[in-house]
Amino acid sequence: MYKVSLMDLRPTQLSAGMQQVTEKRDKLIHKRLLEKPKKLDKFLREHPIPVVRGPPSSPQSHFEDAPQAGPLYLIDHHHLGSALLLCGIKEAYVALVDDLSSMSSDQFWQAMASRNLLWCYDEQGRELPGGLQELVSRLPRTLPELKDDPYRSLAALIRKAGGYDKKWVAFAEFRWANFLRGKVPLKAPEPVLQSGAVHIADSSSSSSSAVSTPSAFPALALLSTVPAAAAAAAGTPGAEREVGPEHPHVLQAAMQAAASPDAAHLPGFKGAVAGAAAAVLG
């Protein structure tokens, strides 16, 4: 485990749920980590970002007597890394899961795909027609270039409300996000927020305050916490504050969809238990 610049980490997906990124940002700010270097280091050590090293982008080294190290690709924690950047935190610890730098570029991407470490869908949940080749050509080089997928945020919110169990299945919440797209309509984003890019806090500032990135979907901005009663009905502890009353139907509709038989194939499906939580929201 060692520290690297967050801006040097390369994503393995095209999008993230920016409402979830800002929620993580707010929690980090509340911890006042930038004001407590030892506490920050402890937190970062306890939350290393798993990475795979890829082949060098160029066979030429900056130094004749040393091979150029290949880039590091995130295989998880895209949201955490983005939230850290929002706080102005520039570095994080990484855990090297595998070193595939000896492979050719084609071999590397095939290996990543075969290990289910890539998500070949865009921010609207559309499978890339060009498959792996298109994904490789479109992957952002840095975390701030990730696009916003509001349904990825909604999927995380209903999990916290007890809509389904957390399972260590690759891209589980993206799978739930794609399921929810045809079930729960969300208001279209404002053009100015359409890119959903993360804005990095001013690196010259010593404050833990970060640039606010409001959700392009007002309902999701209001649903940053889940009703305690709904979480209790689904057996999910930890939610204590009430959701804003303006858009409770969004979470309720998503919870009802998660409880339906149509969702039985998804990881962490809870069925009737999630249905009980949805009833509380109603």
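## Two helices at a slant

H1 and H6 are oblique to each other, and that is a handy place to start on this predicted model. Their axes come within 7 Å and cross at roughly 60 degrees. That angle is under 65, where the roughly perpendicular range begins, so the pair counts as oblique.

Which residues make the contact between H1 and H6? On the H1 side look for Met 18, Gln 19, Gln 20 and Glu 23, and on the H6 side for Ser 153, Ala 156, Leu 157 and Lys 160. Sorted by class, this contact is a mix: three nonpolar, three polar and two charged residues.

## A second crossing, with H7

H6 also packs against H7, and here the angle is about 105 degrees, with the axes 8 Å apart. Angles from 65 to 115 degrees count as roughly perpendicular, so that is the label for H6 and H7. If you wonder what these numbers are for, two packed helices are described by the angle between their axes and the distance between the axes.

Try picking out the residues that touch. H6 brings Tyr 151, Arg 152, Leu 154, Ala 155, Ala 156, Ile 158 and Arg 159. H7 answers with Glu 173, Phe 174, Trp 176, Ala 177, Leu 180 and Arg 181. By class, the contact of H6 with H7 has nine nonpolar and four charged residues, and no polar ones.

## The sheet

Now for the strands. Five of them form an open sheet with mixed pairing, and the order across it is E1-E6-E4-E5-E2. Why do E1 (2–5) and E2 (9–10) each have one side without a neighbour in the sheet? They stand at the edges with a single partner strand each, so one side of each is left free of a neighbour there.

You can walk across the sheet pair by pair. E1 and E6 run antiparallel and are paired over four bridges, and Val 4 has Ala 92 in E6 as its bridge partner. Next, E6 and E4 run parallel, joined by five bridges; here Arg 53 is matched with Asp 99 of E6. Then E4 (residues 49–53) meets E5 (residues 72–74) in the antiparallel sense, with three bridges. One of the matches to find is Val 52 with Tyr 73 in E5.

A helix rests on this part of the fold too. H2 (residues 37–46) lies across E1 and E6 (91–99), and runs at about 20 degrees to E6.

## The largest pocket

The largest pocket has a volume of about 1000 Å³. Of its 33 lining residues, the closest to the centre are Asp 76, His 77, Arg 152, Lys 166 and Glu 173. Two of those names should ring a bell: Arg 152 and Glu 173 also take part in the contact between H6 and H7.

Which elements give two or more residues to the lining? They are H1 (18–30), H3 (78–86), H6 (150–160) and H7 (172–181). H1 gives the most, with five residues. As for chemistry, the lining divides into 14 nonpolar, seven polar and twelve charged residues.

Terms used. Residues numbered from 1 in each chain as written. Predicted model: local features only at pLDDT ≥ 70, side-chain atom pairs only at ≥ 80, totals over all residues. Heavy atoms only, no water. 1 Å grid on protein atoms, 1.4 Å probe; cavity = no way out; pocket = protein on both sides within 12 Å on 5 of 7 lines; lining within 4 Å. Points joined across faces, edges and corners; volume = space filled by probe spheres on them. Nonpolar A, V, L, I, M, F, W, Y, C, P; charged D, E, K, R; others polar. Pairing = 2+ DSSP bridges. Contact = heavy atoms within 4.5 Å. Axes fitted to C-alpha atoms, helices over the stretch in contact; angles between N-to-C directions. Parallel < 35°, antiparallel > 145°, perpendicular 65-115°, else oblique.
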